[in-house]
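Open the model in your viewer and keep the selection tool at hand. The tour below goes stop by stop.

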Amino acid sequence: MEICLASECDLESIASLEKDIFKDFWSFAMIKSQFETPNSVYIIAKNTGITAGYACFTYACDEAELLRICVDKSQRRQGTATKIFEKTEEIFKEKSIAECFLEVRAGNESAVAFYKKNGFEILGKRKGYYTSYNNEDALVMSKKYTRES
């Protein structure tokens with residue numbers, strides 16, 4: 001599996017995966033706009049040339065926000081998300097990121113478990129945040145980094 005920075009030619013496959021996975025999927029135009037935003041990074045995982053997953057984050061100063069991490073249903077439980085997140089953390093280190101924030105659906109138990117396993121802690125809750133998911137609450141999570149991590 002190849003994990004690398006996404007290029008503009010990867011955006012169509014990212015948009016397709018996004019539509020397959022999320023009820024509140026981002027359109028191609030939204031993905032392209034985010035891709036073109038300064039301090040926005042897309043990481044893609046390819047398995048024999050096919051998009052297996054991706055992550056998107058933004059950063060400013062020493063903080064990052066993980067906006068998306070997504071793995072194709074056929075590629076789950078194979079360490080794909082972990083490999084994508086490891087690449088994300090390599091970039092955090094290069095950018096001297098001190099803390100990363102994210103939001104996750106409270107009912108997405110596998111994602112919450114993944115983030116906790118990777119050192120994130122729950123900071124709070126946003127009531128009714130996910131309108132596409134019956135107004136499900138969002139958990140706000142963060143992970144602090146030191147120069148050594």
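A residue counts as buried under 20% relative accessible area, as exposed over 50%, and as partly exposed in between. Keep those cut-offs in mind at every stop. One more point before starting: this is a predicted model.

**Stop 1: the whole chain**

Show the cartoon. The protein chain has four helices and seven strands. Read from the N terminus, the order is β-α-α-β-β-β-α-β-α-β-β. The radius of gyration is 15 Å, close to the 15 Å that the globule rule gives for 149 residues, so the chain is as compact as a globular protein of that length.

Now turn the C-alpha trace around. Along its principal axes it spans about 40 × 35 × 30 Å. Take the contacts in the chain with a separation of 6 or more: 58% of them join residues 24 or more positions apart.

Switch on the surface. The chain exposes about 8,300 Å², and carbon and sulfur atoms supply 48% of that area. Of the 149 residues, 43% are buried. Colour by charge next. There are 21 positive and 23 negative charges, and their mean positions lie 4 Å apart.

**Stop 2: the cores**

Hide the surface and go inside. In soluble globular proteins, nonpolar side chains tend to be buried together. Here, the largest nonpolar core has 27 residues. Select Phe57, Leu66, Ile69, Val104 and Tyr115, the residues with the most contacts inside this core. Which elements supply at least two residues each? They include strands S2 (40–47), S3 (50–60), S4 (63–71), S5 (99–105) and S7 (136–144). Helices H3 (80–94) and H4 (109–117) do so too.

Zoom in on Tyr115. Beyond residues up to four places away in sequence, Tyr115 touches Leu66, Ile69, Leu102, Val104, Phe120 and Met141. Apart from this core lies another, of 18 residues. Select Cys4, Leu17, Trp26 and Tyr130, which are among its members.

**Stop 3: Gly53**

Select Gly53, in strand S3. Is it buried or exposed? Its relative accessible area is 0%, so Gly53 is buried. Now show what surrounds it. Leaving aside neighbours within four places in sequence, Gly53 is in contact with Leu17, Ile43, Ile44, Ala45, Cys70, Val71 and Ile84. Draw a distance to one of these, Val71. The two residues are 18 apart along the chain, yet their C-alpha atoms are separated by 4.0 Å.

**Stop 4: Thr80 and Gln75**

Move on to Thr80, in helix H3. Its relative accessibility is 2%, so Thr80 counts as buried. Display its contacts beyond four places in sequence: Met1, Ala45, Ala52, Val71 and Gln75.

Follow the last of those names. Gln75 sits in the loop between S4 and H3. With a relative accessible area of 14%, Gln75 is buried, although it lies in a loop. Beyond four places in sequence, Gln75 touches Met1, Asn47, Ala52 and Thr80. Met1 and Ala52 therefore appear in the contact lists of both Thr80 and Gln75, with a heavy-atom cut-off of 4.5 Å. Now draw a distance from Gln75 to Asn47. The pair is 28 residues apart along the chain, and the C-alpha atoms are separated by 8.8 Å.

**Stop 5: two positive phi angles**

Select Thr48, in the loop between S2 and S3. Its phi is near 50 degrees, a positive value in a residue other than glycine. Is Thr48 buried or exposed? At 74% relative accessibility, Thr48 counts as exposed.

Jump to Asn135, in the loop between strand S6 (121–130) and S7. Asn135 is not a glycine either, and has a positive phi of about 55 degrees. Its relative accessible area is 46%, so Asn135 is partly exposed.

**Stop 6: Glu136**

Step one residue along to Glu136, in strand S7. The relative accessible area of Glu136 is 19%, under the 20% cut-off, so this residue counts as buried. What does Glu136 contact, leaving aside its neighbours within four places in sequence? Select Arg105, Ala106, Gly107 and Asn108, then add Gly128, Tyr129 and Tyr130. Tyr130 was also a stop on the way through the core of 18 residues.

Note on methods:
Residues numbered from 1 in each chain as written. Predicted model: local features only at pLDDT ≥ 70, side-chain atom pairs only at ≥ 80, totals over all residues. Heavy atoms only, no water. Core = buried A, V, L, I, M, F, W, Y, C linked by side-chain atoms within 4.5 Å. Buried < 20%, exposed > 50% of the residue type's maximum accessible area, 1.4 Å probe, protein only. Rg over C-alpha atoms; globule rule 2.2 N^0.38 Å. Areas by Shrake-Rupley, 256 points an atom, 1.4 Å probe, with all protein chains shown as cover. Lys, Arg positive; Asp, Glu negative; His and termini not counted. Charge placed at Lys NZ, Arg CZ, Asp CG, Glu CD.
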